[in-house]
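Colleague: Please take a close look with me at one part of this model, the way its pieces pack, and tell me how you read it. I would like to have it residue by residue.

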Amino acid sequence: MSADTLLVLPFLMALFGSIVSFTSLGRAKWVRALLLILQIFSTFALLWKTLHDGVISTSIGDWLAPYGIVLIADPFAALLLATTSVVFFCCLWDFGTENTFSTPLLFLLQAGINLSFVTGDLFNLFVAFELMLIASYALIVIHGTKNKLDNLFSYLLVNVIASFLYLIAIALFYGYTGTLNLAALALFFQEHSGGVALLPVLGILLVMLIKSGVFPFYFWLPDAYPLLPARLAALFGGTLSKVGMYVIFRLWLTVYPHPESWLSNGLLVLAALTMFLGVMGAVSQSSVKAILCYHVLSQVGYILFAMTLSVSLAVTAGIFFIVHNMVVKSSLLLIGGIAKEHCGSGYLKKMGGLWQSNPLLGSLFLLQALALAGLPPFSGFWAKYLLFFEGVALKAYVTVAVGLVTSFLTLFSMIKIWGGAFQGKGKYPSASVKKSAYYGPIILTLITLSMGILAQYSVGLSQIAANTLLDRDAYIAAGLNVGSKGEKV
């Protein structure tokens, strides 16, 4: 299959899924499952292509870059696309809903995420984000807890303001550079830095910090995600904030590679605060879903820490961390949803006895909880080991210390869930849960175990992605040397 087809296919398949969902309501579950499986094959084919060919690109309509709409992917983008497709399948393949619009909206959400990873210019990134966010607004309204929908206001307000700021930032980019093509911007910033050149970069960075839930912009996320059913909370928690982090990686390491030291130090402070305050929020919560949603924030802090260090090994740790967190976080939220169904409540004081009544669920939770906390030999350990090793080497001692404290507090919060939900005696009669609900968590847990046990290969894949991400010349060449229609200026 050609590179052109592989780049367009994930986005088009998601759009097709949204359309066909309206015409197959009686078979929505099986149509959705089939399309999600096809998405997995297409994204893994794209990953395989980028691993062999490096950065690949295409121009829609074959117009010359930087004026045509460019789609571009390297192993970093393709790896996140492939992981996203697996998470979508595990969360949604048998997601039951009576609402006609749910499945089309879910595919629109996936279309926005997929386009975000492969778009080659800032305006189409805005389109992708808005497609993703509009679908998420509607899904929260449809499936959110009805008596708590007031919490949606902060989610909506913060993201609308962020989108407005993004438009201002890309206007500044275009006014200063004359282009929104990422490769052209990277070429421009090879010779320009600091002063006025830094303003649009700071604008985009601010927007993505907001959308990723970095301190002090994180208050909206734990208000909104717990409103959702477990499967949607798992999907949102595992994917949405990682799209923002992908853009930050791309901006920091590809477009603007020489940030001032004060900016790097500032991001290290934000990373430390996000890690610590996120885990403190988790420790203070009394429901399984709220604890796990706060951990989405603390884990973003680790990823930001890795990105800020900017050297190969740290970037490798950051990419490994993103994939690890997408898998582990989605799985834990799915497991939390099953536990809530069993006990009739997601509050720890109303739960208990799950280890005796459901040892499979207890085993799945235990494995993923240890991975999240970073105990060896699980995947979280290797991500944190690489990150802390490089952090010490680069003398980021304070942030490393905060990361270690956060890891212990993460383990404490997992023990809190274990003691409240799985130990003791059940306070209410245990309800049955359909067997198909376990398939997603089982698949994700097996992936987590393989990432830890086969760390040589999973870290190696992350290192390939990191090295390609850091190779700006290859990205610039692929993003500009594409298309044949029109005339170069």
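Modeller: Happy to. Axes here are lines fitted to C-alpha atoms, for helices over the stretch in contact, with angles from 0 to 180 degrees between N-to-C directions. The model is predicted, so local features need pLDDT of at least 70 and side-chain atom pairs 80 or more, while totals for chains, interfaces and linings use all residues. Residues are numbered from 1 along each chain as its sequence is written, and side-chain values use heavy atoms, without hydrogens or water.

Let us begin with helix 12, residues 288-309, and helix 17, residues 397-422 (helices are DSSP runs of H or I, at least four residues, numbered from the N terminus). The axes of helix 12 and helix 17 come within 11 Å, and they cross at roughly 160°. That angle makes helix 12 roughly antiparallel to helix 17 (over 145 degrees).

If you follow helix 12 along the contact (heavy atoms within 4.5 Å), you meet Val288, Ile291, Leu292 and His295, then Ser298, Gln299, Tyr302 and Phe305. On the side of helix 17, the partners are Thr399, Val400, Gly403, Thr406 and Ser407, followed by Thr410, Ser413, Met414, Lys416 and Ile417. Sorted by class, the contact of helix 12 with helix 17 has 8 nonpolar, 9 polar and 1 charged residues. Nonpolar here covers Ala, Val, Leu, Ile, Met, Phe, Trp, Tyr, Cys and Pro; Asp, Glu, Lys and Arg are charged, and the others, Gly among them, are polar.

Just beyond helix 12, have a look at Ser310, which sits in the loop between helix 12 and helix 13. Ser310 is not a glycine, yet its phi is positive, about 70°. Most residues other than glycine have a negative phi.

Now turn to helix 3 and helix 19, whose axes come within 7 Å and cross at roughly 135°. That makes helix 3 oblique to helix 19 (outside under 35, over 145 and 65 to 115 degrees). Helix 3 brings Pro75, Phe76 and Leu79 to this contact, and helix 19 answers with Leu461, Ile464, Ala465, Thr468 and Leu469. By class, the residues in the contact of helix 3 with helix 19 are 7 nonpolar and 1 polar, with no charged ones.

The next pair to find is helix 15 with helix 18. The axes of helix 15 and helix 18 cross at roughly 40° and come within 10 Å. That angle makes helix 15 oblique to helix 18. Helix 15 offers Leu364, Leu367, Gln368 and Ala371, which meet Pro441, Ile442, Leu444, Thr445, Thr448 and Leu449 of helix 18. In the contact of helix 15 with helix 18 there are 7 nonpolar and 3 polar residues, and no charged ones.

Helix 15 also leads us to a piece of backbone that deserves a look. Pro377 lies in the loop between helix 15 (359-373) and helix 16 (379-393). The peptide bond that runs from Pro376 to Pro377 is cis, and its omega is near 5°. Elsewhere, Phe215 and Pro216 are also joined by a cis peptide bond, with omega about 5°. You will find Pro216 in the loop between helix 8 (198-212) and helix 9 (220-224). Most peptide bonds are trans.

To go back to your own starting point on screen, put helix 12 and helix 17 side by side and trace the roughly antiparallel pair.

Key. Helix = DSSP H or I, 4+ residues; strand = E, 2+ residues; numbered from the N terminus.
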